[in-house]
Amino acid sequence: MPLAAGDAAPDFDLPTDDDRVSLGALKGKVVVLYFYPKDDTSGCTAEARGFTAAADDFAEAGAVVVGVSKDSAASHGKFKSKYDLAVTLGSAKDDDMVERYGAWVEKSMYGRKYMGIDRSTYLIDQGGVIRQVWRKVKVPGHVAEVLEAAKALAKA
C-alpha cells in the first residue's frame with residue numbers, strides 16, 4: 001500500500017556525497033523528499049536543477065530539499081559537482097527506503113517490464129507526517145507547485 005497524506009513518514013538515514021541525511025535530524029523542518037530514477041539523465045538533471053534554482057525560496061520557507069535515488073553517494077557527488085547542484089542527495093543503493101516509500105514500481109519501456117523508481121515527491125511536515133504526495137511527476141512546473149505547497153505548510 002503506497003504512502004499517502006496523513007501517514008507517518010518512514011525514517012531514513014542515508015549516505016550523501018559528503019555526510020549522511022536522516023529524517024530524524026530534520027525534525028522541526030518541512031522536508032521535500034523527492035525520488036528520481038538516475039543521476040545525470042535529462043529528466044533527473046532538469047528536476048535537480050529546478051530544485052537548485054529555487055533553493056533560496058525553499059530555505060526561506062523553512063523547507064529542506066532531499067533527493068533520493070539508488071545511485072551511489074560517489075555518483076551523487078559527481079552529479080552535484082557537474083551541475084553545481086544545491087540539494088542534498090541521499091543514496092538508497094544499500095537501503096530499502098525507496099521500497100518503504102512505495103517509489104519502487106514496475107515500469108515499462110518499449111514493451112519491456114522492469115523495476116525502477118517512480119519519480120515522486122513527498123512533502124513532510126515538521127512533525128514527520130506526510131502532508132502531500134505527487135506520483136508519476138512530470139518535471140515542468142513541478143518545483144513551483146511543490147514550493148507553493150511547502151510555503152503553505154510552513155505557514156500552517
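1. A quick definition to start with: helices and strands here are DSSP runs, numbered from the N terminus, with at least four residues for a helix (H or I) and at least two for a strand (E). With those names in hand, D40 can be placed in the loop between β3 (30–35) and α1. Please keep in mind throughout that this is a predicted model.

2. Let me stay with D40 for a moment, as its backbone deserves a look. Its phi is near 60 degrees, a positive value in a residue other than glycine. Most residues other than glycine have a negative phi. As for exposure, D40 counts as partly exposed because its relative accessibility is 36%, and the partly exposed class runs between the 20% and 50% cut-offs.

3. Two further residues belong in the phi list. K136 has a phi near 45 degrees, again positive in a residue other than glycine. K136 sits in the loop between β9 (130–134) and α5 (142–155), and its relative accessible area of 61% makes K136 exposed. D84, just after α3, takes a positive phi of about 50 degrees.

4. Now for helix α3 itself, residues 73–83. Which of its residues are buried? They are A73, H76, G77, F79 and K80. These residues are on the same side of α3, because they cover an arc of only 165 degrees around the axis. On the other side of the helix, A74, K78, S81 and K82 are exposed. I would display the two sets in two colours.

5. What covers the buried residues of α3? The cover includes three strands and a helix: β1 (13–15), β4 (63–69) and β5 (88–91), together with α1 (42–53).

6. D71 is a good residue to zoom in on. It is found in the loop between β4 and α3, and D71 counts as buried because its relative accessibility is 8%, where the cut-off is under 20%. Its side chain makes a polar contact with the side chain of K38 at 3.0 Å. The D71 side chain also reaches the backbone nitrogen of D39, at 2.6 Å.

7. The wider surroundings of D71 are worth listing too. Leaving aside residues up to four places away in sequence, D71 touches Y36, P37, K38, D39, H76, S91, A92 and K93. One of these, H76, is also among the buried residues of α3.

8. On to the largest pocket, with a volume of about 260 Å³. Its lining consists of P37, K70, W104, K107, Y114, G116, I117, D118, R119, K136, V137 and K138. By class, that makes 6 charged, 5 nonpolar and 1 polar. Two residues from earlier points turn up in this lining, namely P37 and K136; P37 is touched by D71, and K136 has the positive phi noted above.

9. Which strands each supply at least two residues of that lining? They are β6 (104–109) and β7 (112–117). The largest share comes from β7, with 3 residues.

10. Finally, the enclosed space. How many cavities of 30 Å³ or more does a search of the whole structure find? The search finds 1. The largest cavity holds about 30 Å³ of space, and it is lined by L23, L26, K27, K29, V31, D125, Q126 and G128. The classes here are 3 nonpolar, 2 polar and 3 charged residues.

Notes
Residues numbered from 1 in each chain as written. Predicted model: local features only at pLDDT ≥ 70, side-chain atom pairs only at ≥ 80, totals over all residues. Heavy atoms only, no water. Buried < 20%, exposed > 50% of the residue type's maximum accessible area, 1.4 Å probe, protein only. Arc of directions from axis to C-beta. Contact = heavy atoms within 4.5 Å. Polar contact = N/O pair within 3.5 Å; in protein donor to acceptor, adjacent residues only side chain to side chain. 1 Å grid on protein atoms, 1.4 Å probe; cavity = no way out; pocket = protein on both sides within 12 Å on 5 of 7 lines; lining within 4 Å. Points joined across faces, edges and corners; volume = space filled by probe spheres on them. Nonpolar A, V, L, I, M, F, W, Y, C, P; charged D, E, K, R; others polar.
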